[in-house]
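Biologist: I should like to understand the terms applied to this model. Please set each value against its cut-off before drawing a conclusion.

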Amino acid sequence: MNYCVLWSNGDSWREMRRFALTNLRDFGMGKKICEDKIIDETQHLIEVFRKFKGQAFDTNQPMNHAVSNIICSMVYGSRFEYDDPEFISLVERTNTGTQLLGSPSIQHFFQLYNGNKRKNRELIGRLRETLNSEMCRGFVDAFLVRKQQLEKSEGPNNHFHNDNLLMTVIQLFGAGTDTTSTTLRWGLLFMAKYPKIQDQVQDELSRVIGSRQVQLADRKNLPFTDAVVHETQRLANIAPMALPHKTSQDVTFQGHFIKKGTTVYPLLTSVLLDETEWERPQSFYPAHFLDNDGNFVKRDAFLPFSAGRRACLGEGLARMELFIFFSTLLQHFRFTPPPGVSEDELDLTPRYGLTLTPTPHKLCAVPCF
Ligand code: HEM
């Protein structure tokens, strides 16, 4: 399959990755300003969950909207209202497209992808019209300013052209939404399935935090909650084959010769579910990340973001989002199966796409206070 929707290799990738990393950091990635955005967004999400008044609902759309708004505020410079039709269709097309990438319906995927290209051209066009080089609102502005500067000094032959802008924006939006939101949905599903583990998370949260807002700095005092977030990422294994790569030179790996230019997939499943690394690889077992005294422990085989030069660019952001969204939701709601469905009946079979998502399901979010 030709993944022309992803960044290319070589110089163009290097430039785009470096620029995206620097600028996303400038617009808050991994910093307090980003934490504040996430906290603000959790309040919008809580409002949506409350509207269901404890009745069963599909968490997919609200979760996608909340998570997507974080990357939107960094890329476009502002968040969207959840009922904005432009936003709903952008998120919906990205979400469906990610599922189709693992299926034979590649033509349908490209229809959705082209729809998102059109929408993004419009959004970028609006930002271009109101661009102020003294005050960049987000990644798109920063890219447009760099493009203008380079065109003046070096002419148009550089990597900062409209196609790379569009591709990078679409990729950041896609990579920054589905992955994190899917992981959070797995987390809530595991909590509904394993109520005793949910009890332990909620006991820890009420003991350490009470009713105030959780902050990133609290993570070190919440080892059990942190372990549950890690175990969710490990067992959910949402990107089992990471992304395809091409070997840039001939290489011999574990005795196998691989020719330059061969497409290779780093199989993250092989570490996340490795029987020689994990005591209970197929079970939801937060103790994988705890020592005998209940302290959090890092594990070498925990590689959900992959490793190396092409590892996930958004790891810092994703880890911040996972922790704050998950613990804030668990502070406010008790997650249970719909009435008439037992915990045993909650299905953990994943649905295969570019990512492994939970099979469509509903949960009740019963307000705790
Ligand atoms: C739980 C959340 C996430 C998981 C599990 C995840 C996982 C991954 C994985 C496995 C890869 C492929 C690495 C490889 O092929 O070796 C990747 C790449 C990437 N991720 Fe994430 N990701 C997450 C969230 C994010 C977020 C929030 C962003 C937004 C900034 C992001 C942006 C990217 C980009 C741009 C790439 C491509 C990097 C490149 O090609 O150089 N990811 N991610």
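Modeller: The model is predicted. Let us begin with Q254, which has 4 other C-beta atoms within 10 Å.

Biologist: What makes Q254 exposed?

Modeller: A residue counts as exposed if 12 or fewer other C-beta atoms lie within 10 Å of its own. Q254 has 4, and is therefore exposed. Q254 is placed in the loop between β2 (251-253) and β3 (256-258).

Biologist: What is notable about phi of Q254?

Modeller: Phi of Q254 is near 45°, a positive value in a residue other than glycine. Most residues other than glycine have a negative phi.

Biologist: Why is S306 called partly exposed?

Modeller: The term lies between two cut-offs, with 20 or more C-beta atoms for buried and 12 or fewer for exposed. S306 has 16 other C-beta atoms within 10 Å, so S306 is partly exposed. This residue lies in the loop between α10 (269-272) and α11, and its phi, near 65°, is also positive. S306 is among the residues closest to the ligand, together with A175, G176, C312 and G314.

Biologist: Which helix supplies the largest share of the shell around the ligand?

Modeller: That helix is α7, with seven residues, out of 25 that surround the ligand. Both α7 (162-193) and α11 (315-332) supply at least two residues of the shell. By class, the shell holds 16 nonpolar, seven polar and two charged residues.

Biologist: How do you know that α1 is oblique to α7?

Modeller: The axes of α1 (residues 10-26) and α7 come within 11 Å and cross at roughly 60°. Angles under 35 degrees count as roughly parallel and 65 to 115 as roughly perpendicular; roughly 60° falls in neither range, so α1 is oblique to α7. The crossing is right-handed. In the contact, S12, M16 and A20 of α1 meet N164, T168 and L172 of α7; these residues divide into three nonpolar, three polar and no charged.

Biologist: Why are α3 and α7 called oblique to each other?

Modeller: The axes of α3 (residues 60-75) and α7 come within 8 Å and cross at roughly 140°. Roughly antiparallel requires an angle over 145 degrees, and roughly perpendicular 65 to 115. Roughly 140° meets neither condition, and α3 and α7 are therefore oblique to each other. Here too, the crossing is right-handed. The contact includes M63, V67 and I71 of α3, and L172, G176 and T180 of α7. Its residues comprise eight nonpolar, seven polar and one charged.

Technical notes: Residues are numbered from 1 along each chain as its sequence is written. This is a predicted model: local features need pLDDT of at least 70, side-chain atom pairs count only at pLDDT 80 or more; totals for chains, interfaces and linings use all residues. A residue is near a molecule or strand if its C-beta atom, placed from the backbone, lies within 6 Å of it. Helices (H or I, at least four residues) and strands (E, at least two) are DSSP runs, numbered from the N terminus. Ala, Val, Leu, Ile, Met, Phe, Trp, Tyr, Cys and Pro count as nonpolar, Asp, Glu, Lys and Arg as charged, and the others, Gly among them, as polar. Axes are lines fitted to C-alpha atoms, for helices over the stretch in contact, and angles run from 0 to 180 degrees between N-to-C directions. A crossing is left-handed if the near helix is turned anticlockwise from the far one by less than a right angle, and right-handed if clockwise. Two residues are in contact if their C-beta atoms, placed from the backbone, lie within 7 Å.
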